[in-house]
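Let's take a friendly walk through this protein model together. Please have the structure open as you read.

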Amino acid sequence: IRIGAEVISADSRQVYRGMDLGTGKDLEDYIVGGKKVPYHLINIVEPGTEYNVYRFQKDFLAAYNDIINRGKQVILCGGTGMYLESVLLEYDMTNAPLNKQLRATLDGCSTEELIHRLENLKNVHNITDTEDRGRLIRAIEIAETRDQKSELKLAFPEIKHHVFGIDLPREVIRSRITDRLKQRLEEGMVEEVKHLIDSGITPEQLEFYGLEYKYLTQYVTGKINYNEMFRKLNTAIHQFAKRQMTWFRRMEKRGVPIRWIDGTLSLEDRIREFREVDSGS
């Protein structure tokens with residue numbers, strides 16, 4: 001509000017309607033001093049719809065150009081490192097269609113064979129997400145399409161940017177993750193998953209989204225009990241947070257400087273640091 005900016009979300013799961021607590025949308029945070037901060041790319045597709053980096057890039061560019069053309073500033077915010085990097089490094093992606101013949105072939109491969117195949121393909125931006133066979137097969141499908149077909153690269157304008165990250169001690173991060181999980185469960189995260197299943201989303205589709213939706217779906221469908229769900233989910237979120245930090249450190253090595261702000265500072269002090277960098281002081 002102070003700088004007249006609008007937010008573009010770079011979160012791969014917050015695009016889905018009805019997946020609110022499980023994705024941590026926290027839409028109340030977009031209301032500051034009684035005023036609503038405009039946001040984009042949240043609640044734009046139905047659960048079960050495939051949403052990928054290529055679609056994100058197109059949607060980002062549409063939102064970015066709209067905001068800039070109205071004389072506003074843009075804040076790109078979110079925890080999906082690949083989405084952030086796809087904009088900052090202008091990934092050359094392909095809108096790869098589903099390939100039933102290729103999928104039939106890949107279904108007969110072991111997970112190790114799939115990983116080996118993906119690692120040996122050209123133009124692969126991300127080979128870290130290899131735990132889920134569905135995501136692994138889709139990654140191969142996209143990579144092989146890029147190898148076989150040349151498409152025009154999306155036209156990115158020159159985007160002058162500063163990248164900020166919030167730096168907190170590990171023990172603080174660990175405590176916040178567990179406290180936040182307890183809070184979201186109290187606010188109705190289990191009921192959210194039940195509602196999604198009742199609305200027609202299959203348990204298999206929900207588990208595909210991982211983390212909260214994977215373990216809560218297993219609990220709701222009776223595969224695990226509540227205590228087991230909480231323990232596994234809490235551990236998985238902690239592991240995910242470590243992978244996020246690894247990704248951001250990798251971004252720095254790839255030429256994306258990140259200004260780390262001390263998260264223990266007061267809000268006013270953090271804002272002051274942001275504005276000092278933005279003003280070039």
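## A first residue to look at

Is D26 buried, exposed or partly exposed? D26 counts as partly exposed, because its relative accessibility is 25% and the partly exposed class runs between the buried limit of 20% and the exposed limit of 50%. Please keep in mind that this is a predicted model.

You will find D26 in the loop between β1 and β2. Its backbone is worth a look as well: D26 is not a glycine, yet it has a positive phi of about 50°.

## The overall fold

Now zoom out to the whole protein chain, which has 11 helices and 7 strands. Its radius of gyration is 20 Å, close to the 19 Å that the globule rule gives for 281 residues, so the chain is as compact as a globular protein of that length. Taken along the principal axes, the box filled by the C-alpha atoms is roughly 60 × 50 × 35 Å. Among contacts between residues at least 6 apart in sequence, 70% join residues at least 24 apart.

As for the surface, the protein chain exposes about 16,200 Å², with carbon and sulfur atoms supplying 49% of it. Of the 281 residues, 38% count as buried. If you are thinking about charges, there are 42 positive and 44 negative side chains, and the centres of these two sets lie 1 Å apart.

## Aromatic pairs

The structure holds 9 aromatic pairs. One of them joins Y16 and Y209, whose rings are tilted, at 4.9 Å centre to centre and 55° between the planes. This pair links distant parts of the chain: Y16 sits in the loop between β1 (5-9) and β2 (31-32), while Y209 sits in the loop between α8 (203-208) and α9 (211-220), 193 residues apart. Both Y16 and Y209 are buried.

Y209 also pairs with F208: their ring centres are 5.9 Å apart and their planes stand at 75°, so this pair is edge-to-face. How do the two partners differ in exposure? Y209 is buried, with a relative accessible area of 7%, whereas F208 counts as partly exposed at 34% relative accessibility. Elsewhere, Y51, F56, F60, Y64 and Y83 form one aromatic cluster.

## Helix α2 and its surroundings

One member of that aromatic cluster, Y83, is also among the buried residues of α2. Why can helix α2 (residues 81-88) be called largely enclosed by the rest of the structure? The reason is that 7 of its 8 residues are buried; these are G81, M82, Y83, L84, E85, S86 and V87.

What do the buried residues of α2 pack against? Their partners are α1 (53-69), β5 (73-77) and α10 (226-253). Just after α2, the backbone offers another detail to check, as E90 takes a positive phi of about 50°.

## Helix α9

Two residues of α9 round off the tour. L211 lies in this helix and is buried, with a relative accessible area of 15%. L211 is not a glycine, but it has a positive phi of about 45°.

Q218 is found in helix α9 too, and it counts as buried at 13% relative accessibility. Leaving aside residues up to four places away in sequence, Q218 touches E207, K223 and I224.

Definitions and conventions
Residues numbered from 1 in each chain as written. Predicted model: local features only at pLDDT ≥ 70, side-chain atom pairs only at ≥ 80, totals over all residues. Heavy atoms only, no water. Helix = DSSP H or I, 4+ residues; strand = E, 2+ residues; numbered from the N terminus. Rg over C-alpha atoms; globule rule 2.2 N^0.38 Å. Buried < 20%, exposed > 50% of the residue type's maximum accessible area, 1.4 Å probe, protein only. Contact = heavy atoms within 4.5 Å. Areas by Shrake-Rupley, 256 points an atom, 1.4 Å probe, with all protein chains shown as cover. Lys, Arg positive; Asp, Glu negative; His and termini not counted. Charge placed at Lys NZ, Arg CZ, Asp CG, Glu CD. Phe/Tyr/Trp six-rings, centres within 6.5 Å; stacked < 30°, edge-to-face > 60°.
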